[in-house]
Amino acid sequence: MTATPSSSRPDSADAAEAFLRDFHNRTPGRQSVNMEAAPLGDGRTGYQVLAAEVAGARRVLDLGCADGALLEVLAAAGAEELAGIDLADGELEFARRRPALARADLRQGRAQELPFPDGSFDAVVSHMALMLMHEVEQVVAETARVLAPGGRFAVAVGGGSVPGEAMSLFLELARPYFKAVPPERSMPRLGDRRSRTREGLDELLTPAGFEPVSWQTVTIDMGGTPERVWISLTDAFYDMTALDEDQTARLRTDFLAAAPALLDPTGRIPSGMRLNLATTRLAAV
Ligand SMILES: C[S@@+](CC[C@H](N)C(=O)[O-])C[C@H]1O[C@@H](n2cnc3c(N)ncnc32)[C@H](O)[C@@H]1O
């Protein structure tokens with residue numbers, strides 16, 4: 001899930017976390033269904049690409065682990081001690097049902113206050129979650145505290161849409177609707193913009209003792225029939241929760257009227273979403 005920064009207004013960490021907790025308790029598992037249906041060009045999912053960044057780590061913590069999809073990939077890759085933290089218990093219930101996570105330490109809580117001892121992980125990961133977190137300096141400080149010296153930190157954050165494809169079209173059509181939402185229905189601002197860019201992440205991470213990040217951008221393929229793409233797009237943006245039924249229906253009509261211009265000969269429209277992967281290491285002392 002992601003959010004359009006332009007549709008938001010300043011708000012407190014409390015309001016943002018209450019929104020996220022409520023949303024994810026109501027719709028557990030939604031993110032992983034979308035991500036697992038959207039491979040990269042090489043067939044891997046975003047979870048597999050991120051897990052590869054910490055290959056060989058034995059003890060791994062996932063910040064904003066939700067239903068445990070990334071933890072399951074890490075377990076399959078050989079990580080032995082897994083832990084996850086998430087605001088939403090509803091998501092964690094799904095994670096607890098995964099046989100591969102039977103021994104994982106799954107906690108409901110805030111990444112800003114990690115309930116784990118100093119130096120207890122070889123790697124910390126976070127997939128599409130760090131970018132939603134407020135007080136992100138505190139998240140970074142806690143990550144540095146729980147990592148062993150030399151430990152790795154690998155995050156995937158949203159990198160926006162591919163121009164000329166369906167997600168870009170959707171955003172172009174949706175922005176006027178998002179802007180027209182009255183203040184009493186608008187959603188809180190989510191996260192800190194710095195956690196979405198390479199420069200911003202270096203600004204946050206290096207004072208806490210991390211090396212400058214290595215950075216790669218991959219594109220996940222969310223293409224399909226116009227109807228299928230509409231569903232995946234409405235699932236992908238938190239902003240959709242602010243629209244009422246009538247606005248959603250009108251936006252759907254607009255999208256399905258414009259989408260045929262993108263159709264390829266197989267009846268599919270392309271819809272790429274970029275994922276930025278940042279990986280760093282805690283400087284050994
Ligand atoms: C877009 S979902 C991504 C879930 C999962 N990482 C994935 O990609 O499948 C973001 C998740 O981060 C969690 N989250 C957001 N802020 C958090 C915080 N401060 N502490 C712990 N979890 C948080 C939300 O509850 C939600 O489950």
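Axes here are lines fitted to C-alpha atoms, for helices over the stretch in contact, and the angles between them run from 0 to 180 degrees between N-to-C directions. With that in mind, and remembering that this is a predicted model, begin by selecting helix α5, residues 89-96, which lies across strands β2 (81-86) and β3 and runs at about 165° to β3.

**The sheet**

From β3, widen the selection to the open sheet of 7 strands, whose order is β3-β2-β1-β4-β5-β7-β6 and whose pairing is mixed. At its edges stand β3 (105-108) and β6 (214-221), and because each has a single partner strand, one side of each is left without a neighbour in the sheet. If you look from strand to strand, neighbours in this sheet are turned by 15° against each other on average, with direction ignored. As general background, the strands of a sheet pair through backbone hydrogen bonds, either parallel or antiparallel.

For a parallel pair, select β1 (residues 59-63) together with β4 (residues 121-127), which are joined over 3 bridges, and then find L61, which stands opposite V124 in β4.

For antiparallel pairs, move to β7, which is joined to β5 by 8 bridges and to β6 by 8 bridges as well. On the β5 side, S161 has M273 of β7 as its bridge partner, while D221 has G272 of β7 as its partner. Of the 10 residues of β7, 8 are buried, so this strand is largely enclosed by the rest of the structure.

**Helix α7 and the core**

Next, select helix α7, residues 166-179, whose 14 residues reach 20 Å from the first C-alpha to the last, close to the 20 Å expected at 1.5 Å a residue. Where does α7 bend? The bend, of about 35°, is at L173, and a proline, P176, follows within four residues.

Now colour the buried residues of this helix, which are A166, M167, S168, L169, F170, L171, A174, Y177 and F178. To see what covers them, show the surrounding elements, which include β5 (147-161), α9 (226-236), α10 (245-258) and β7 (272-281).

In soluble globular proteins, nonpolar side chains tend to be buried together. In this model the largest nonpolar core has 91 residues, and those with the most contacts inside it are L61, L63, L74, F170 and F255. The largest share of this core, 8 residues, comes from α7. Select F255 and display what it touches: leaving aside residues up to four places away in sequence, its contacts are A166, L169, F170, L173, P226, V229, W230, L233 and I269.

**A buried serine**

Go now to S32, which is found in helix α2 (residues 30-36). Is S32 buried or exposed? With a relative accessibility of 3%, S32 counts as buried, because the cut-off for buried is under 20% relative accessible area. Not counting residues up to four places away in sequence, S32 touches Y47, D67, A69 and R98.

**Two residues in one loop**

Finish in the loop between β4 and α6 (136-146), where M128 lies; E135 is also in the loop between β4 and α6. M128 has a positive phi of about 55° although it is not a glycine, and E135, which is not a glycine either, has a positive phi of about 45°. Their surroundings can be read from their accessibility: M128 is buried, with a relative accessible area of 5%, whereas E135 is partly exposed, with a relative accessible area of 42%.

Technical notes:
Residues are numbered from 1 along each chain as its sequence is written. This is a predicted model: local features need pLDDT of at least 70, side-chain atom pairs count only at pLDDT 80 or more; totals for chains, interfaces and linings use all residues. Side-chain values use heavy atoms; hydrogens and water are left out. The expected span of a helix is 1.5 Å times one less than its number of residues. The bend at a residue is the angle between axes fitted to the seven residues ending there and the seven starting there. Buried means under 20% relative accessible area, exposed over 50%, partly exposed in between (1.4 Å probe, protein chains only). Contact means heavy atoms within 4.5 Å. Two strands pair if DSSP finds at least two bridges between them. A nonpolar core is a set of buried Ala, Val, Leu, Ile, Met, Phe, Trp, Tyr and Cys residues joined through side-chain atoms within 4.5 Å.
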